[in-house]
Amino acid sequence: MGNSDSKLNFRKAVIQLTTKTQPVEASEDVFWDQFWTDVNLTAQDMFALVPAAEIRAVREESPSNLATLCYKAVERLVLNADSGCVCERDRQTVLSCIRLLTRILPYIFEDPDWRGFFWSTVPKVGKTVDESDDECTRPLAESLLTAISDLLFCPDFTVESHGRTSADGPSDIQSIDSCEFIWEAGVGFAQSPPLNHTHDSSRAELLKLLLTCFSEEMYQSPSDTHTPNPWVSFFCSRENRHALPLFTSLLNVVCAYDPVGYGIPYNHLMFSDQRGMLAELALQTLIVSLEQELVDHSNTSPNPSTNTDTCSADYNKNTAAEGCQVTRLTNVCRIDFHFILRGISRLLNNPLLQTYLPHSCKKIQFHQELLVLFWKLCDLNKVPPYHFIFYLFSYLTIIILILQFLSRVGLVHICVFILLLLSGERNFGVRLNKPYSVRVPMDISVFAGTHADLLIVVFHKIITSGHQRLQPLYDCLLTIIVNVSPYLKSLSMVAANKLLHLLEVFSSPWFLFCSPVNHHLVFFLLEVFNNIIQYQFDGNFNLVYGIIRKRNLFHQLANLPTDVSSIQKALQRKRRSNSTHNAVFMETNNPCNTACSEAPYKTTPVQTGTLNASLKAMPRIDKLTETSQVSEDGTTLSLQQKNQMCFPLRNIHADHIRFLRALFQVLSWKSKLPLQTIMRLLQVLVPQVEKICIDKGLTDESEILKFLQHGTLVGLLPVPHPILIRKYQANEGTALWFRTYMWGIIYLR
């Protein structure tokens, strides 16, 4: 009955606010207290009792009342944070203010006229107007963020009390060392506090409000997002004394979370899992906070001399908001990579678990956020001695999980970005030579080989049987293979055939002519073959045998027709096909691949009525990577990329434009095809293989493989070419893509 009265009284207060035509003064506490004092409403109740239409109506018709409501709610949060929420009534008041602000803020952010409202300067809470000066005035946003940070380490509300009693005054809460109240054991904290569902629930409410504050950039156009998010900038700055303990708490909660628990079947149906909700919100807060690091990282050249603290790379940068000092938080996660990698591996593996009893194990839903966090940890911790990627290579299980997630709709791009980043490291290619012995459920053919074979087989599956919209990723996938190819010691027959099948597909004349960039795929594959032949010939007899069998492919490439009639026929064939992607893989005759054919690749269709996400277009590979040459001592030297040749074609019929572009493109790149090494290999080995087959009457390919296994081309091949590695390079385009992807995930949650 009491809860019904609370709902009724709160609804009456909302109606009063929406119907008042005159401004209500901030001093009328009796009116404003109706919204949070003695209000016992859940977050769902708050959303139902404060309709969106009424919030917008107040915003348009009584903007001063909406502004005062926000100010008074923040003021109440600040006062209770300063007092330490010593009683249950105060804690309930704080929760009501949190839920109300979480409900209202998005409707303030969506209106451009209100964009600077929270960053306007107001008298500091607790001071009178006469007492206000430069030190006691601050933006409302800063007051709100400071209060949220204090409340996240408030004893008996969000953390366990260390013997505090109600007699301890307000000064005690301000002197709390939040490093002693980190939420979970792990990085930088050894003691695991007792699990308290009430505290977890309060933390979750605060993190929801924090994410709502951070989400203001969702309502801005891309042209407005070049400057750092002021909410995140202040929250991660030295102005927030809880920044590092809170970052550590969020990271530890995520990495320590175990959704399976003791493994009792269906336990998640019998007991509520408040820690799971907290882990999801903590993860989302983490990736948004680290987005600030990516903005700073992409716009600033590294300067080792700026490191002044062993716990944080105290690198300072003025933001567009208030010129606050941004403290880099990433080094806190360089302390215990083992704990982090073990936790991420466990959580990434959870959605892929298969059990005998259906739905007996709880499956997490935040694997997308986990992949974003993993990406950020890799990208932000590349500088020795805190080299996250260096530690990662001892956890090849994560690489297998990423390859599994590649087959999931909505996860392909982020997984490709991760693998592209990792492939720029030599140790990644070396570690891929480890035998692949852990069998996990994947829709691929069974094979025996290494992790490199697994990577190639999965990539082949994506390219040949995936969705047409994945075509922009082809060059990324092949770039990854190119980067690791100089270090691959022994490809299996299955992987070798997959690579040759891709070459057969991409080298067909009509595919080469139908786009001005399709020839890049052929160049990538030829570079893969050249790298393996020049640097890893001894163990790759399977690939050499495949090249000999498919030698006509290379001869056809060397003699690619450039006459007018051939190009016109190829383009006409392209026009007759409904789908470039389907036609190129279905019409290609592939006898060498029959031994390892697979069933059609299955993807989950998008259900009707679902939101159509509009991700930013992914940048091209030349914008994503920076080419480096590997010297003999292992160091890399950056090389400038050549601009692509383009021709101004105006006032010409569309068919003629396509033809002329195809003709010009072929003439510009055909002579540059890197076929010398492969042709020399064929020139030397084909006669030898043919002679052995004739002399010994061989019909079994195993004997030919034995011959190739013990053969050598020392002194017969051209001078080895330098190894070129295309390393991922952060830029404005990728930063915008990640930002839209990240907020799209959080919004849909």
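**Exercise 1.** In which helix is Thr740 found? Classify the exposure of Thr740 and find a polar partner.

*Solution.* The model is predicted: local features need pLDDT of at least 70, side-chain atom pairs count only at pLDDT 80 or more, and totals for chains, interfaces and linings use all residues. Residues are numbered from 1 along each chain as its sequence is written, and side-chain values use heavy atoms, with hydrogens and water left out.

Step 1. Thr740 belongs to helix H33, residues 732-748; helices are DSSP runs (H or I, at least four residues), numbered from the N terminus.

Step 2. The relative accessible area of Thr740 is 25%, so Thr740 is partly exposed (buried means under 20%, exposed over 50%, partly exposed in between; 1.4 Å probe, protein chains only).

Step 3. A polar atom of the Thr740 side chain lies 2.9 Å from the backbone oxygen of Trp737.

Step 4. Glu217 is 523 residues from Thr740 in sequence, but the C-alpha to C-alpha separation is 9.9 Å.

**Exercise 2.** Is Leu748 buried or exposed? Locate Leu748 in the secondary structure.

*Solution.* Step 1. Leu748 is also placed in helix H33.

Step 2. Leu748 has a relative accessible area of 57% and is therefore exposed.

**Exercise 3.** How many disulfides does the whole structure hold? Compare the exposure of Cys70 and Cys179.

*Solution.* Step 1. A search for disulfides (pairs of cysteine sulfur atoms within 2.5 Å) across the whole structure gives 0.

Step 2. Cys70 has a relative accessible area of 0%, so Cys70 is buried.

Step 3. Cys179 is partly exposed, because its relative accessibility is 42%.

Note on methods
Helix = DSSP H or I, 4+ residues; strand = E, 2+ residues; numbered from the N terminus. Polar contact = N/O pair within 3.5 Å; in protein donor to acceptor, adjacent residues only side chain to side chain.
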